[in-house]
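Visitor: I am new to protein structures and would love a close look at one part of this one. Could you pick a pair of charged side chains and show me what surrounds them?

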Amino acid sequence: MRIKFSIIALFFGVITTINAQDNHIPKSNVGIKGGYSLAAVSFDGDGETGQRHGFHIGIYGESFISESFAIQPELLYSQQGYKITDNSETFTQKLDYINLPLMLKAYPTKNFFLEAGPQIGLAVSHKEEYDGLFTSSQEYDPNSFDWGVNFGGGFKTNSGISLSARYHLGLGDLYDEGKAQNRVWQFSIGFDL
């Protein structure tokens, strides 16, 4: 009888411990985010072009796998590209993408997070602009698929408002010739719904 009571007490103790641990895992959520982007391109590893200013906007879903770690897939529209300025002449390559980042987020504290993860992107439009006497008969036709990795961090309030900064290191070649890769800084604000 005493052994049965001990086994039952142990069983309920384990169940109580598991339930207590589950109560500490934050709930999953979805939200919207958007913000300011600074995009450039690295040509053949010889440094970066001038930056194109733009914006990004999209949705995310944050799923906690423990008290301190979450996985966050996102779907973002992002204005990217670059500028090349020579004296008073400017060439601008405008590239707009639909990006799908998959971020692993670590929360060392309740409100501060670090994040890293892969990203794939599909170019949905491109346009060249010439300002000044700068002209070219060549049309730059970028590849429609892009991929790379993201690194960042931020702060999230208890009410679900987040402020973050992220760097995208493109690893896919922008053009068929040469080695041109996207480099993008994103500064975002997000809202859990």
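Guide: Happily! Let's begin with Glu74 and Lys33, whose side chains meet in a salt bridge at 3.4 Å, N to O. The term salt bridge here stands for a side-chain nitrogen of Lys or Arg within 4 Å of a carboxyl oxygen of Asp or Glu. Glu74 sits in strand 3 (residues 69–86) and Lys33 in strand 1 (residues 29–43), so the pair links distant parts of the chain, 41 residues apart, where strands are DSSP runs of E, at least two residues long, numbered from the N terminus.

Before we go on, a word on the source: this is a predicted model, in which local features need pLDDT of at least 70, side-chain atom pairs count only at pLDDT 80 or more, and totals for chains, interfaces and linings use all residues. Residues are numbered from 1 along each chain as its sequence is written, and side-chain values use heavy atoms, with hydrogens and water left out.

Are the two partners buried or exposed? Glu74 counts as buried because its relative accessibility is 1%, and Lys33 counts as buried because its value is 9%. Buried means under 20% relative accessible area, exposed means over 50%, and partly exposed lies in between, using a 1.4 Å probe and protein chains only.

Glu74 has another partner to show you: its side chain also meets that of Arg166 in a salt bridge, at 2.9 Å, N to O. Arg166 belongs to strand 7 (residues 161–170) and Glu74 to strand 3, so this pair ties together parts that are 92 residues apart in sequence. Both Glu74 and Arg166 are buried.

Now compare a pair elsewhere, Lys156 and Asp192, whose side chains form a salt bridge at 3.0 Å, N to O. Lys156 lies in strand 6 (residues 145–156) and Asp192 in strand 8 (residues 180–192), so the bridge ties together parts 36 residues apart in sequence. Lys156 is buried, with a relative accessible area of 8%, while Asp192 is partly exposed, with 23%. Back at our starting point, salt bridges that share partners join Lys33, Glu74, Glu115 and Arg166 into one network. The count of salt bridges comes to nine.

Glu115 also leads us to Lys105, a residue of strand 4, since Glu115 is among the residues in contact with Lys105, as are Phe69 and Phe113. Contact means heavy atoms within 4.5 Å, and neighbours within four places in sequence are left aside for Lys105. Lys105 counts as buried because its relative accessibility is 3%. Its side chain makes a polar contact with the side chain of Gln72 at 3.0 Å. A polar contact is a pair of N or O atoms within 3.5 Å; within protein, one must be able to donate a hydrogen and the other to accept it, and residues adjacent in sequence count only if both atoms are side-chain atoms.

How do the strands fit together? A closed barrel of eight strands runs 1-2-3-4-5-6-7-8, with antiparallel pairing; two strands pair if DSSP finds at least two bridges between them. Strand 7, home of Arg166, is joined to strand 8 by nine bridges, and these two strands run antiparallel. Ser164, for example, has Ser188 in strand 8 as its bridge partner.

Key: Helices (H or I, at least four residues) and strands (E, at least two) are DSSP runs, numbered from the N terminus.
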